[in-house]
Amino acid sequence: MSKATNMLSILWLLRSGRRMTAQQLADELEIHIRTVYRCIDSLCASGVPVIADSGPNGGYRILDWFAESPLLFDMEEQQALVQAAAFAREAGYPYREALDRAIDKLKRYTNEEQLDRIMRHEEGFSVIHPPVEEPQLELLKTLEAAVAQGRSVEMEYDKGRGGPPSKRVFDPYGIVHWKGAYYVVGYCGLRGELRSFRTDRIVRLAETERRFERPEGFSAKDHLMRELLPDSLDAESLAVVRIRSSEQVLDMLGQHWLFGHAVIERKEGEAAYRIGEPSLHTYVPYFLLPYGKALTIVEPDSLIERIAAIGEELARHYRSMIAPQRETDSNPRKG
């Protein structure tokens with residue numbers, strides 16, 4: 001039998017509530033006693049609370065709360081795990097090999113009927129996502145370990161402006177996946193402030209011996225959201241934006257980063273959002289323009305006027321392309 005099978009068998013025997021010696025386990029499973037010791041060590045390393053009692057009536061046992069806990073997943077839980085794994089793989093999850101091993105174990109310890117159902121759920125669910133290159137995966141592993149251990153890193157970062165990469169010591173507080181890209185948020189020693197960086201622009205990363213403490217209650221996701229779209233949600237002056245449209249369009253707006261977090265009211269054919277006034281003249285018009293005549297802005301008038309002005313600018317821009325073309329067509333060069 002494989003080591004995994006031996007470990008599972010020992011676990012099932014101990015879950016029965018019996019206290020068993022290593023020799024009893026070896027006899028029961030017809031394996032060598034040294035194999036029992038190795039399996040017990042592996043079970044402990046994986047988090048199973050195995051207790052070794054000494055004395056005449058001693059032996060191995062597991063804590064009652066663990067013995068009574070369910071170790072098998074029901075069908076919905078199995079489905080959720082294999083489909084969540086598909087999301088993680090396509091999003092560039094750095095520990096894909098470990099994820100695949102976990103899913104393989106899930107499949108290995110099911111009966112034929114359960115395995116067939118798992119495979120049908122897995123094959124019927126797909127995710128399309130830009131591929132993440134292997135160097136990026138290794139970099140994400142290094143960053144994730146640094147976040148978990150509270151360890152500073154030395155980082156060279158390409159700002160994307162054609163200049164040389166900038167060097168800094170960085171305390172990574174958290175990693176965020178947003179719109180197909182990974183960002184790391186933390187304290188930048190170069191700037192002396194909280195910053196976020198796209199991980200695909202990191203040129204080089206090296207661990208250091210320096211340690212840091214992440215601020216209590218800090219949310220990397222919240223910081224990144226406010227950094228990417230400043231004054232959208234927590235500006236001093238907030239305005240109510242009311243939009244009428246079909247349920248489909250309102251649902252799509254609800255999936256947008258800004259509108260999904262700013263909604264304050266939703267009823268049939270209409271939704272209201274509370275958004276920072278500065279963003280009504282910067283980001284918001286460009287978020288709404290692609291919907292064209294599919295929606296109606298009820299309020300505020302300032303947003304309507306800003307979108308109208310942008311529309312007029314776009315109309316003039318594209319009309320300017322027509323006149324030169326017509327002049328060229330009406331005066332062809334003579335050969």
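Biologist: What makes strand β3 (residues 151-157) largely enclosed by the rest of the structure in this predicted model?

Modeller: A residue counts as buried when its relative accessible area is under 20%. Six of the seven residues of β3 are buried, so the strand is largely enclosed.

Biologist: How do you know that β3 pairs with strand β7 (residues 202-211)?

Modeller: Pairing requires at least two bridges between two strands. Six bridges join β3 to β7, and these strands run antiparallel; among the bridge partners are arginine 151 and arginine 211 in β7. Strand β4 (residues 166-178) is joined to β3 by five bridges, also in an antiparallel arrangement, and here tyrosine 157 has serine 166 as its bridge partner. Both counts satisfy the requirement, therefore β3 pairs with β7 and with β4.

Biologist: Why is the aromatic pair of tyrosine 173 and phenylalanine 218 called edge-to-face?

Modeller: The ring centres must lie within 6.5 Å for a pair, and the planes must be over 60 degrees apart for the edge-to-face class. Tyrosine 173 and phenylalanine 218 show 5.2 Å centre to centre and 75 degrees between the planes, so both conditions are met. Tyrosine 173 belongs to strand β4 and phenylalanine 218 to the loop between β7 and α9 (220-228), so the pair ties together parts that are 45 residues apart in sequence.

Biologist: Why is tyrosine 173 called buried, while phenylalanine 218 is called partly exposed?

Modeller: Buried means under 20% relative accessible area, exposed means over 50%, and partly exposed lies in between. Tyrosine 173 has 7%, so it is buried. Phenylalanine 218 has 21%, and therefore it is partly exposed.

Biologist: What makes β9 (263-267) and β11 (295-299) edge strands?

Modeller: Four strands form an open antiparallel sheet in the order β9-β10-β8-β11. Strands β9 and β11 each have a single partner strand, so one side of each is left without a neighbour in the sheet. From one strand to the next, the twist averages 25 degrees.

Biologist: How do you know that β8 (residues 238-245) and β10 (residues 270-276) pair?

Modeller: Seven bridges join these antiparallel strands, and at least two are needed, so they pair. Within this arrangement, alanine 239 stands opposite isoleucine 275 in β10.

Biologist: What makes leucine 314 eligible for a nonpolar patch on the surface?

Modeller: A patch residue needs over 30% relative accessible area. Leucine 314, in helix α14 (residues 301-330), has 41%, so it passes that cut-off. Leu314, Tyr318 and Met321 form the patch, with about 310 Å² of accessible area together.

Terms used:
Residues numbered from 1 in each chain as written. Predicted model: local features only at pLDDT ≥ 70, side-chain atom pairs only at ≥ 80, totals over all residues. Heavy atoms only, no water. Axes fitted to C-alpha atoms, helices over the stretch in contact; angles between N-to-C directions. Patch = residues over 30% accessible without salt bridge, like charges linked within 9 Å, V, L, I, M, F, W, Y side chains within 5 Å. Areas by Shrake-Rupley, 256 points an atom, 1.4 Å probe, with all protein chains shown as cover. Salt bridge = Lys/Arg side-chain N within 4 Å of Asp/Glu carboxyl O. Buried < 20%, exposed > 50% of the residue type's maximum accessible area, 1.4 Å probe, protein only. Phe/Tyr/Trp six-rings, centres within 6.5 Å; stacked < 30°, edge-to-face > 60°.
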